[in-house]
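Colleague: Please take a close look at the salt bridges in this model. I would like to know what each one joins and how open its partners are to solvent.

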Amino acid sequence: MEVRTDMYNTNPDGTRDYLSVGMASVPTIYAFFAVCYVVFLAGWLYVTLHRNRLSAHRIHHLMSGLLVARMLYCISAAEDQHYIRTAGTPHGWDVMFYLFQLVKGVILFAVIALIGTGWSFLKPFLQDKEKKVLMVVIPLQVAANIAAAVVGETGPFLQGWVTWNQIFLFVDVACCCAVLFPVVWSMRALRESSKTDGKAARTLAKLMLFRQFYVAVIGYLYFTRIIVYALKTITNYKYRWVSVAAEEVATMAFYMFMFYMFRPAERNQYFALDEDDEEAAEMALREEEFEL
């Protein structure tokens with residue numbers, strides 16, 4: 001036999017709301033952040049294509065692509081949840097949602113890895129070990145998003161659902177660990193070069209920048225993987241939207257930090273120090289705080 005079951009809440013005007021009470025605000029949250037990313041993208045394009053066009057590198061244009069992917073992800077997520085709320089089905093927007101989820105995930109991890117290597121703004125090429133990191137991270141992200149789609153569109157009734165869930169968690173954690181290696185390698189390379197190139201002030205500025213980026217990446221990954229999951233688990237069913245809002249706020253904050261720190265500029269933090277700071281920088285480089 002075939003059984004059709006509809007689960008919905010009734011609005012005051014008599015219309016049906018197929019989202020749970022705790023998820024009713026999710027379409028609005030995604031729509032709000034989609035608008036925020038439109039504004040963010042417009043400002044970033046003004047900086048990279050007009051005001052500091054000569055200082056922009058290839059990595060900055062890839063970061064523009066990341067904003068586009070994130071914006072399209074929020075738009076598709078808002079439409080997906082809106083149609084589920086009003087009609088009970090996503091009307092095909094779930095396909096766009098998972099597609100842009102894959103694209104923004106791949107570009108995000110690629111941008112983090114490439115910034116960690118200093119590609120295009122510190123050096124025009126990648127070393128073999130850095131290429132291998134990208135060759136590992138990108139397929140892992142594809143696998144993680146396939147697993148996420150299976151987990152999201154099915155449930156425990158599917159044979160192997162628990163296995164897919166474990167694959168998603170394992171692969172996601174593996175990606176998070178892999179993208180940190182280029183940042184550590186760059187910090188070690190800068191520390192070694194400071195002993196021979198005689199440019200301690202510039203090296204110190206680069207080391208501080210990479211260390212801040214390293215801490216920010218760890219904080220972002222920890223928050224979006226652990227804290228957000230905890231919010232989904234422990235919050236009351238009426239406040240399920242809090243985990244979505246927290247993840248989007250954290251992502252926006254991380255993007256703003258990353259884009260600001262590595263923005264194109266004629267005199268950025270790499271070269272803002274003058275020669276008078278060399279002696280102080282050499283002392284700072286000897287301190288234990290820069291030991292890895």
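Modeller: Start with Arg85, which is partly exposed at a relative accessible area of 28%. Keep in mind that this is a predicted model. The side chain of Arg85 meets that of Asp17 in a salt bridge, 3.0 Å from N to O. Asp17 sits in strand β2 and Arg85 in helix α2, so this pair ties together parts 68 residues apart in sequence. Asp17 has a relative accessibility of 5%. The limit for buried is under 20%, so Asp17 counts as buried. The bridge therefore pairs a buried Asp17 with a partly exposed Arg85.

Next, Asp172 and Arg225. Their closest N and O atoms are 2.8 Å apart, and they form a salt bridge. Asp172 belongs to helix α5 and Arg225 to helix α7, so the pair ties together parts 53 residues apart in sequence. Asp172 is buried, with a relative accessible area of 10%. Arg225 counts as partly exposed, at 25% relative accessibility. So here, too, a buried Asp172 faces a partly exposed Arg225.

Now the bridge between Arg16 and Asp6. The closest N and O atoms are 3.8 Å apart. Arg16 is in strand β2 (residues 16-17), while Asp6 is in the segment before β1 (9-10). The two are ten residues apart, and the pair links distant parts of the chain. Arg16 is partly exposed, with a relative accessible area of 39%. Asp6 is partly exposed as well, at 33% relative accessibility. These two residues also join Arg4 in a network of salt bridges. Across the whole structure, the search finds five salt bridges.

The helices named above also have a share in the nonpolar packing. The largest nonpolar core holds 63 residues, and Tyr37, Phe213, Phe254, Tyr255, Met258 and Phe259 touch the most other members. At least two residues come from each of eight helices, including α2 (58-87), α5 (161-178) and α7 (200-234). The helix that gives the most is α3, with twelve residues.

Phe259 deserves a look of its own. Set aside its neighbours within four places in sequence, and Phe259 is in contact with Phe40, Trp44, Met63, Leu66 and Leu67.

Notes:
Residues are numbered from 1 along each chain as its sequence is written. This is a predicted model: local features need pLDDT of at least 70, side-chain atom pairs count only at pLDDT 80 or more; totals for chains, interfaces and linings use all residues. Side-chain values use heavy atoms; hydrogens and water are left out. A nonpolar core is a set of buried Ala, Val, Leu, Ile, Met, Phe, Trp, Tyr and Cys residues joined through side-chain atoms within 4.5 Å. Buried means under 20% relative accessible area, exposed over 50%, partly exposed in between (1.4 Å probe, protein chains only). Helices (H or I, at least four residues) and strands (E, at least two) are DSSP runs, numbered from the N terminus. Contact means heavy atoms within 4.5 Å. A salt bridge is a side-chain nitrogen of Lys or Arg within 4 Å of a carboxyl oxygen of Asp or Glu.
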